[in-house]
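Biologist: Can you take me through this one? I'd like to start with where the chains meet.

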Amino acid sequence: MPCTGKVDVIHMLRAFEAGVDGVYLVGCEEGNCHFLVGNLRARKRVERVKKILSSIGLESERLQMYNLSAGEGTRFVEIAKEMTEKIKNLGPSAIKLKKEKLENPA
Amino acid sequence: MIIGEGKPIQEILAMIADKKKILVVGCKGCVTVCSAGGQKEVEILSSTIRLAREKEDNPIEIREETLERQCDPEYLEQMRSYIDDYEAVVSLACGAGVQFTAEKYRRIPVYPGINTNFIGVTVEQGVWSERCQACGSCILHKTGGICPIARCSKSLLNGPCGGSSKGKCEIDPDVECGWQLIYDRLRELESLELFEEVVPIKDWSTGRDGGPRRIIREDLKS
């Protein structure tokens, strides 16, 4: 995506529908958006999807938004590790488990 | 336009609990503009329903459609070829659209996916506010273009009442006093003589008190 502002609610929901265990959006630092408010819009959409996930009993922690600049490679690695750890602790998503059960009924 | 907002998902899930194949239908009219029932909301609701049902090990098949309008028969007719393949319709149109869909397709249940709230305007992105109660007898020419029926909490025709304080209504400090707005606007227009004019008792038979309303235009009728 050219900007997190282009990420819509449905893109995140479709990822969960596909059975992913977690999704995180990485946008530019707040106040540094080339399109002014793209990352702020993304954050609001992330909050909406978190509410949707909670409303149907899925863990909202599976979705996260982070902000950092393109020059912060080390921080990016930290975030990736943090998110991976969080998802590992949560375990596979209920949707993924149901999909696997459907594909391998034995 | 008509303003609505999405129903809580659990309410919708309860409506379709025993269904396996449904149609979620949006409307490209008012509810698209107020982000309650357009194509985007159809996609989001459908995805949410699929996720919820998948989680419960009770998958559901959903067809997503968004009609030009659900309050006109020619657009509703577009569903004729496929609607019988489904067990229920969740309509994201306003209450008028939901009812008209149910009226045209009598063999299938039609459920509301949104709550219809009021006739209003977009104050800013994400903020909508009531402006009209469709009373059927407009007096905006006497009130500076501000409707006392919709904007005064008591719908007073000769206001303000004693509950007006510093421009706010007694029901809530965030609600502006409709009659203060009318007074200020008439003063701006240098038409305060209209404020002194006593508005007679309103004939409410043109509003809901006269029962369900309809308009017949003989010049347009086929």
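Modeller: We'll go over the contact between the chains, then look at empty space inside.

Modeller: Keep in mind that this is a predicted model.

Biologist: How many residues does each chain bring to the contact?

Modeller: Chain A brings 18 residues, and chain B brings 15 residues.

Biologist: And what area is buried between chain A and chain B?

Modeller: About 1,600 Å², with carbon and sulfur atoms giving 59% of that. On the chain A side, A:E17, A:I56 and A:K98 supply 35% of the area that chain A buries against chain B, more than any other three residues.

Biologist: How many salt bridges cross the interface?

Modeller: The rule finds five salt bridges between chain A and chain B. One of them joins the side chains of A:K101 and B:D57, at 2.7 Å from N to O. There are also six residue pairs in polar contact across the interface.

Biologist: Which helices of chain A touch chain B?

Modeller: Helix 1 (9–17), helix 2 (38–55) and helix 4 (94–103) of chain A each supply at least two residues to that side. Helix 1 of chain A gives the largest share, six residues. By class, the side of chain A that touches chain B has nine nonpolar, two polar and seven charged residues.

Biologist: New topic. How many cavities of 30 Å³ or more are there in the whole structure?

Modeller: The search finds one, with about 110 Å³ of space in it.

Biologist: Which residues are closest to its centre?

Modeller: Of the 15 residues lining the cavity, the closest to its centre are B:C152, B:S153, B:C161, B:C169 and B:C177. The lining divides into seven nonpolar, four polar and four charged residues.

Technical notes:
Residues are numbered from 1 along each chain as its sequence is written. Chains are lettered from A and ligands numbered from 1 in the order in which they are written. This is a predicted model: local features need pLDDT of at least 70, side-chain atom pairs count only at pLDDT 80 or more; totals for chains, interfaces and linings use all residues. Side-chain values use heavy atoms; hydrogens and water are left out. Contact means heavy atoms within 4.5 Å. Buried area is the accessible area (1.4 Å probe) that two parts lose on being put together, summed over both. A salt bridge is a side-chain nitrogen of Lys or Arg within 4 Å of a carboxyl oxygen of Asp or Glu. A polar contact is a pair of N or O atoms within 3.5 Å; within protein, one must be able to donate a hydrogen and the other to accept it, and residues adjacent in sequence count only if both atoms are side-chain atoms. Helices (H or I, at least four residues) and strands (E, at least two) are DSSP runs, numbered from the N terminus. Ala, Val, Leu, Ile, Met, Phe, Trp, Tyr, Cys and Pro count as nonpolar, Asp, Glu, Lys and Arg as charged, and the others, Gly among them, as polar. On a 1 Å grid over the protein atoms alone, a cavity is a set of points where a 1.4 Å probe fits but cannot get out, and a pocket is an open set with protein on both sides within 12 Å along at least five of seven lines; lining residues have an atom within 4 Å of a point. Grid points are joined across faces, edges and corners, and a volume is the space filled by probe spheres set on the points.
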